[in-house]
Amino acid sequence: MASPGENMRINADRLWDSLMEMAQIGPGIAGGNNRQTLTDEDGEGRRLFQTWCEEAGLIMGVDQMGTMFARREGTDPEALPVYVGSHLDTQPTGGKFDGVLGVLGGLEVIRSLNDLGIKTKHPIVVTNWTNEEGARFAPAMLASGVFAGVHEQDWAYARTDAKGKVFGQELERIGWKGDEPVGQRKMHAFFELHIEQGPILEDEDYDIGVVTHGQGLKWLQVTLTGKEAHTGSTPMFKRRNAGLGMARVTELVHEVAMDYQPDAVGAVGHMEVYPNSRNIIAGRTVFTIDIRSPEKEVLDTMDARIREGIETICDALDIQFAIEQVGHFDPVTFDENCVKAVRDAAERLGYSHRDIVSGAGHDACWINRVAPTAMIFCPCVDGLSHNEAEEISKEWAGAGCDVLFHAVVETAQIVE
């Protein structure tokens, strides 16, 4: 199987120009983007992407979840396609690169193949997955989850946003509900280029992250119930303080995560305190715990320790507790051969690289269930993402897309 020569590179200027042009659709208020899924802005971004795909000679297919599949034919009509892509939707205050780099990087792979006159045995399909972010319609990675059989399509269609608008109806409204049944496509492999969304690559001065695993996740919603009382006249030993309980659980989560370094993480995120008055001891708190690890055994152990610790804390404070698991997926181990293709590409091109674990969920984490999959990370400034100040350099984007180009083309097999 022929590998692309080390002199074969993508057009980094063209990739950057495409990123900047897409960023003009759904601009944010502070330099980023607000192109939430199934909004008019999402529809406009999709139309621009479709135009670019057609100009590159690709044939567009759209499934019933609105996912876009732009195909470049291979020389063997029986060969399964190599898929590449990510998502075009953003957070309400999102950046210009999260997800978009992976979609337009996939398009740049095709453009570069066209420029170089390279044919591949396997078709290559550039993909824009619907509703990766989950910001408007929860959960995240919704369309790829339906594709991989994690979610039922009717259940996905029934998701509602904060204003009560329904996913299935909004998909039809913007004109991107396709006819193709979801999940019937068979893949030879899937590759996703993404910004790291963390600080490791920049801090350690690496060009490329070779993603070997995706962290498993558990979200717990905890309700602590004590007793509202006057902050001035209630003796300390008589208090049943749900706020103090939340504080101690917050510290517990941090301590548990620190015991499983370097890859485990944990924090208390969303917090509500009732009645939230300055002179009333909190009678009830509701908060979420987010714990993650690339090892299932570690994730389960963290979960058990936190649950046991909450019980101990509440017994000591004479307060009640309830714990509900509101989110979960197991750790992901990406395909050995696809990961090797990424690592070999970085080596061939002379880019510094290190193995890395994805701390965030991505469409690739679901697609890994149904096809050999790997991810490529490029650095982002200060590790910042899900923020309008999210930033990368043209050089980082170009290096990541070069590696994507080589990994995809080697997997799709050059025809001499």
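**Notes on a predicted model: Thr-120, the nonpolar cores, helix 8 and the cysteines**

1. Leaving out residues up to four places away in sequence, Thr-120 touches Arg-72, Gly-74 and Thr-75, and also Val-409, Ala-412, Gln-413, Ile-414 and Val-415. The model is a predicted one, and the contacts of Thr-120 should be read in that light.

2. Thr-120 itself lies in strand 4, which comprises residues 119-120. With a relative accessible area of 1%, Thr-120 falls under the 20% limit and is therefore buried. Its side chain nevertheless has a polar partner, since the backbone oxygen of His-122 is reached at 2.7 Å.

3. Turning to the hydrophobic interior, the largest nonpolar core contains 98 residues, and Phe-49, Leu-104, Phe-191 and Ile-392 are those with the most contacts inside it. Helix 12, spanning residues 394-412, gives the most to this core, contributing 11 residues. For Leu-104, once neighbours within four places in sequence are set aside, the contacts are with Leu-15, Ser-18, Leu-19, Met-22, Phe-49 and Trp-52.

4. There is also a second core, separate from the largest one, which has 24 residues and includes Ala-242, Met-246, Ile-291 and Leu-317.

5. Which residues of helix 8 are buried? They are Ala-242, Gly-245, Met-246, Val-249, Leu-252, Val-253, Val-256 and Ala-257. These residues cover an arc of only 125° around the axis, so they are on the same side of helix 8. The buried residues of helix 8 pack against strand 8 (216-225), strand 10 (265-274), strand 12 (284-293) and helix 9 (296-317).

6. The length of helix 8 (residues 242-258) can be checked as well: because each residue should account for 1.5 Å, its 17 residues should span 24 Å, and the end C-alpha atoms, at 25 Å apart, agree with that expectation. At the start of helix 8, a side-chain oxygen of Asn-241 comes to within 2.8 Å of the backbone nitrogen of Gly-243.

7. How many disulfides does the model contain? The count comes to 0 disulfides. Cys-338 is an instructive case, as the nearest cysteine sulfur, belonging to Cys-365, is 14 Å away, and Cys-338 is in no disulfide. A pair of cysteine sulfur atoms would have to lie within 2.5 Å to be counted, which is why the 14 Å separation leaves Cys-338 unpaired. Cys-338 is buried, with a relative accessible area of 4%, and Cys-314 is likewise buried, with a relative accessible area of 1%.

Conventions. Residues are numbered from 1 along each chain as its sequence is written. This is a predicted model: local features need pLDDT of at least 70, side-chain atom pairs count only at pLDDT 80 or more; totals for chains, interfaces and linings use all residues. Side-chain values use heavy atoms; hydrogens and water are left out. Buried means under 20% relative accessible area, exposed over 50%, partly exposed in between (1.4 Å probe, protein chains only). A nonpolar core is a set of buried Ala, Val, Leu, Ile, Met, Phe, Trp, Tyr and Cys residues joined through side-chain atoms within 4.5 Å. Helices (H or I, at least four residues) and strands (E, at least two) are DSSP runs, numbered from the N terminus. Contact means heavy atoms within 4.5 Å. The expected span of a helix is 1.5 Å times one less than its number of residues. The arc is that of the directions from the helix axis to the C-beta atoms. A polar contact is a pair of N or O atoms within 3.5 Å; within protein, one must be able to donate a hydrogen and the other to accept it, and residues adjacent in sequence count only if both atoms are side-chain atoms.
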